[in-house]
Amino acid sequence: MAKTVLLEVRDQVATLTLNRPQALNALSVEMMQELTATVRELSAISDVGVVVLTGAGDHFMAGGDLKDFARNQHLSPEARLTTFRAMIEQYINPTVKMLQALPQPVVARVRGACAGFGLSLMLGSDLAICADNAVFTTAYSAIALSGDGGASYFLPRQVGRRKAAELLLLAERFDAQEALRLGLIGKVVPADELDAETDRLVRRLLGGPRHAYQEIKRLLAASHDNSLASQLQSEAEAFARCAATADFGEGVNAFLEKRQPVFRGQ
């Protein structure tokens with residue numbers, strides 16, 4: 001059987017592909033397990049500048065596989081509680097934490113359905129570029145669930161608490177333009193241009209200052225919990241570390257010489 005999650009590393013770009021196109025890449029238990037293992041494998045690869053998260057075929061991810069959910073319906077409420085909590089704690093949570101800890105920029109390339117855990121994966125990415133045919137929903141409350149994968153963490157920080165409550169409580173569908181308006185994605189492009197536009201973005205990131213990108217990601221992550229004083233101190237330390245790199249010197253010289261900088265990650 002084909003793997004449900006694929007990892008390809010080429011020219012310093014790691015592409016993580018959700019690979020159940022016949023099921024709109026819905027998250028099965030098998031895919032959940034493979035995703036955790038594959039992200040762990042990715043975390044150990046050092047020669048990567050950008051990570052692209054995408055879905056095989058015409059969709060990103062249509063949420064959880066309800067056929068898998070249905071297989072647990074015969075269990076008692078107590079057994080279901082134990083089973084689903086264990087799945088999330090053993091696979092979903094570690095996957096999200098590992099993706100968040102990646103030092104490289106993570107770009108979500110989204111087309112078609114993006115629902116449930118698929119939406120959580122996109123929300124947790126650093127950048128998101130979407131086809132104009134993308135359709136989004138939190139989905140969870142439609143089947144009497146509350147959410148996972150950081151949905152209740154990322155949404156309030158990106159759209160505010162009240163809009164996050166609306167999206168989670170009502171689970172209504174919305175299109176790519178609405179996602180853009182809400183600030184959930186950075187760019188909408190025609191579906192037939194999605195791959196080319198993503199490649200342009202990836203090439204731009206690959207040519208950027210990697211040390212600065214890492215520090216930016218670290219600062220953004222810390223800002224959720226830091227006081228202003230703590231964040232200012234973290235910025236001072238990160239700024240100084242960046243100023244000590246060769247890329248900083250190159251950036252300053254390129255600006256003064258009115259040319260494009262050539263960053264080398266040094």
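# Notebook: aromatic pairs, helix H5, a sheet and the cores

I began with the aromatic rings and counted three aromatic pairs in the structure. I note at the outset that the model is predicted.

**Entry 1. Phe69 and Phe84.** I looked up the pair formed by Phe69 and Phe84 and found it to be edge-to-face, with 5.6 Å from centre to centre and 75° between the planes. The pair links distant parts of the chain: Phe69 belongs to helix H2 (residues 66-70) and Phe84 to helix H3 (residues 77-101), 15 residues apart. I then checked accessibility. Phe69 has 24% relative accessibility and therefore counts as partly exposed. Phe84, at 24% relative accessibility, also counts as partly exposed.

**Entry 2. Tyr153 and Phe154.** Next I turned to another aromatic pair, that of Tyr153 and Phe154, which is edge-to-face as well, at 5.4 Å centre to centre and 85° between the planes. Are these two rings buried or exposed? I found that Tyr153 counts as partly exposed, at 32% relative accessibility. Phe154 counts as buried, because its relative accessibility is 7% and the limit for a buried residue is under 20%. I also recorded a charged neighbour: Arg157 lies over the face of Tyr153, at 3.8 Å from the ring centre.

**Entry 3. Helix H5.** I listed the buried residues of helix H5 (residues 151-159) and obtained Ala151, Phe154, Leu155 and Val159. Why do they lie on the same side of H5? They cover an arc of only 95° around the axis, and this puts them on one side of the helix. I set beside this a general point: an α-helix has 3.6 residues a turn, so residues three or four places apart point the same way. I then asked which helices the buried residues of H5 pack against. The answer is H3, helix H4 (117-123), helix H6 (161-170) and helix H7 (176-182). At the end of the helix I noted that Gly160 follows H5 and has a positive phi, near 90°.

**Entry 4. The four-stranded sheet.** I traced an open sheet of four strands in the order S4-S6-S8-S9, and its pairing is mixed. Strand S4 (61-62) and strand S9 (174-175) stand at the edges; each has a single partner strand, so one side of each is left without a neighbour in the sheet. I looked more closely at S4 and strand S6 (residues 113-115), which pair in the parallel sense over two bridges. Ala62 has Ala115 as its bridge partner in S6.

**Entry 5. Positive phi in two alanines.** I recalled that most residues other than glycine have a negative phi. I therefore looked up two alanines against that background. Ala139 has a positive phi, near 75°, and its place is in the loop between strand S8 (135-137) and H5. Its relative accessible area is 25%, so Ala139 is partly exposed. Ala144 likewise has a positive phi, about 65°, although it is not a glycine. I located Ala144 in the loop between S8 and H5. At 69% relative accessibility, Ala144 counts as exposed.

**Entry 6. The nonpolar cores.** How many residues does the largest nonpolar core have? I read off 49 residues, and those with the most contacts inside this core are Val110, Phe117, Leu121, Met122, Phe136 and Leu184. I followed Val110 further, leaving aside neighbours within four places in sequence: Val110 is in contact with Phe60, Met122, Ile129, Cys130, Ala131, Ala134, Phe136 and Leu194. A second, separate core has 12 residues, including Val13, Val50, Val52 and Val189. As a general remark, nonpolar side chains tend to be buried together in soluble globular proteins.

**Entry 7. Arg109.** I found Arg109 in strand S5 (residues 106-110). Arg109 counts as buried because its relative accessibility is 14%. Not counting residues up to four places away in sequence, I listed what Arg109 touches; among them are Thr15, Val52, Phe60, Ile129, Leu194, Asp195 and Asp199.

**Entry 8. Leu256.** Last, I looked up Leu256, whose place is in helix H11 (residues 246-256). Leu256 counts as exposed, at 61% relative accessibility. I also noted its separation from Arg10: the two residues are 246 residues apart along the chain, and their C-alpha atoms are separated by 34 Å.

Methods. Residues are numbered from 1 along each chain as its sequence is written. This is a predicted model: local features need pLDDT of at least 70, side-chain atom pairs count only at pLDDT 80 or more; totals for chains, interfaces and linings use all residues. Side-chain values use heavy atoms; hydrogens and water are left out. Rings of Phe, Tyr and Trp (its six-membered ring) pair if their centres lie within 6.5 Å; planes under 30 degrees apart count as stacked, over 60 as edge-to-face and the rest as tilted. Buried means under 20% relative accessible area, exposed over 50%, partly exposed in between (1.4 Å probe, protein chains only). A charge sits over a ring if NZ of Lys or CZ of Arg is within 6 Å of the ring centre and within 35 degrees of the ring normal. The arc is that of the directions from the helix axis to the C-beta atoms. Contact means heavy atoms within 4.5 Å. Two strands pair if DSSP finds at least two bridges between them. A nonpolar core is a set of buried Ala, Val, Leu, Ile, Met, Phe, Trp, Tyr and Cys residues joined through side-chain atoms within 4.5 Å.
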